[in-house]
Amino acid sequence: IEGELTRIGYVSMASRISDIYQRMYQYLTGNNKPLEHVFNIENQGSVNMFIQTREMERGLKLMNIVMDNDMINQFISDCKVEYDSSKISYSKLYLKVFKRSPPQGLQEEKNIRKTHLDVARYVSQQNINLEKDIFVVYDRSMQGIVSYFDFADILRKKLGQNGLLQDVVDSVCRLYDERKNQTVVYSKFTKRIHDEIRKLSRRDILIQRLRQNINSRHINLFNELKSKDVNGDGVLNADAIYMVIKGFTPDYTLEENNIFLDPISGTAFGTYPITEICDQFSEAKFRNQDEDWKQKLVTEIKGYVQQTPGGVSAVFREIDRNANNTLSFTEFKSAMDKMNIRLLSYEYENLFKAANVSATGQISFQEFVQFVGESFQHEKRNFFNEINEGLSRRGLSLENAF
C-alpha cells in the first residue's frame, strides 16, 4: 500500500506537517535567525511564551511557507496551547522544529497541564460544582474574581491538590489574571476544567474503541511499538505511535492521536515511553465499569480447566512448577501463554493482582479456584474422591496408605 501511495504521489497530512517543520529548521539555521525573532513572542511575565495564530501565519509567509486552510488548521492544532486555542505554544513549536526542548518554558507548561488534568479528574469524581460550591464562597467582592492566596487555598484544600508547589500555583494564577492585579477570573478556570472533563470522557471512549480492536485482532501492542523503536531507547515520537495504532484502526485520525497522547508525559525530545503507551490500555482494561473483558478471560481459563482431566486441581499442579502449592507471577504468566490467552504487555500483572486477593505476591490454590469461578468445596470433594479412587484401585485403606 505504501508503495502504491508513493507511486501516485500521495503524501499524508502527518508527512506534510513534518516537512513544514523541516523547512522551518532549514530557514532558521540557514539565515541564523532565532525562532522568537521570526515571530512576535508574547511573554506572560514569566517563561510562558506564546505565539498568536495571526503572528504564526505572518511568520510562515516570511519563510515562504504556503499552506491551504486545512493544513494551517492542522499545523496550529499540532502546537496549540491547551488552555487557549488562539495561541501557539513556543515550547511545542521549538521542540518540533529543533527536536529538543527550548532553554526554558517546557517544564512549566507540563506542570500547568498536569494541574488542570488532576483538578478535572478530582472534580469529575467528586461531582463538584466549582462556581456554586466553591468559588462563590471565596468571592467576597462578588465580581467573579478571587485572590491568588484564596485560589491557592482552593486548589490545595478543596480540589485535592495538597502537594502543589507554590511556583506551579503562581503559573496557573497568571493564566487567569486578566486584570493584572493578583486576582483570578474563576469563570475562565471553570470553563477550562469543564473542557478537560469532556476531553477525558472522549479519551476514555477512544481507548475503549482501540482496546476492542487490539483484543479482536490479538495485537501485542508492546511488540508492535517496539518494532518501530529503531534506536532501542524505549521511546517513540507521536508520528510513529500514530502509524502503529492506525495499522489496526484504519479510521484513526491525527486529532485522535493528539487526544490519546495528551495526558501522557513525554520526554524533552517530544517522544513517549512505550511502557506508558501500553499502560494506558492496561489501566483501562481493569476499570470497575469494564468487567466484561476480565470475565471473558476467566471464561477462557475456565474452559481450559474443564477440558483438562482432573479439573482445576490438575491444572494447578501442572503450572505449579516448584510444587510449593502457590503460583508465582512467572508461573501464572507461563500458564496464560500455554492456554493461548494473549494479553498486552504489562497486563499480566494486573490480571495476577486480580487473582491474588490476599496481595501476598503468590496465588494460593483457593484463590486460583475462586478466580476461575469454581466452588472450593466442590474441588475439595473432587480431591477426596480422587484419593478414594486411588486407594480402591490399590486395595488399600486410608490407615494403611498413611
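## A tour of buried and exposed sites

Begin by selecting Cys-278, which is buried in this predicted model, its relative accessible area being 0%. Keep that residue displayed and add Cys-173, for which the relative accessible area is likewise 0%, so that Cys-173 too counts as buried. With the cysteines in view, how many disulfides does the count come to? The count comes to zero disulfides, where a disulfide would need a pair of cysteine sulfur atoms within 2.5 Å.

Next, select helix α14, residues 254-261, and show its side chains together with their surroundings. Six of the eight residues in α14 are buried, and the helix is therefore largely enclosed by the rest of the structure. To go through them individually, highlight Leu-254, Glu-256, Asn-257, Ile-259, Phe-260 and Leu-261, which are the buried residues of this helix.

Move on to helix α19, which spans residues 348-355, and colour Tyr-348, Leu-351, Phe-352 and Ala-355, the residues that are buried there. If you then turn the view to look down the axis of α19, these buried residues fall within an arc of 105°, and they therefore line one face of the helix.

Finish at the start of the chain by selecting Ile-1, Leu-5, Ile-8 and Tyr-10 with the surface switched on, since together these residues make a nonpolar surface patch of about 460 Å². Of these, Leu-5 belongs to helix α1, which covers residues 2-7. Is Leu-5 buried or partly exposed? Leu-5 has a relative accessible area of 30% and is therefore partly exposed, because buried is reserved for values under 20%.

Definitions and conventions
Residues numbered from 1 in each chain as written. Predicted model: local features only at pLDDT ≥ 70, side-chain atom pairs only at ≥ 80, totals over all residues. Heavy atoms only, no water. Patch = residues over 30% accessible without salt bridge, like charges linked within 9 Å, V, L, I, M, F, W, Y side chains within 5 Å. Areas by Shrake-Rupley, 256 points an atom, 1.4 Å probe, with all protein chains shown as cover. Salt bridge = Lys/Arg side-chain N within 4 Å of Asp/Glu carboxyl O. Helix = DSSP H or I, 4+ residues; strand = E, 2+ residues; numbered from the N terminus. Buried < 20%, exposed > 50% of the residue type's maximum accessible area, 1.4 Å probe, protein only. Arc of directions from axis to C-beta.
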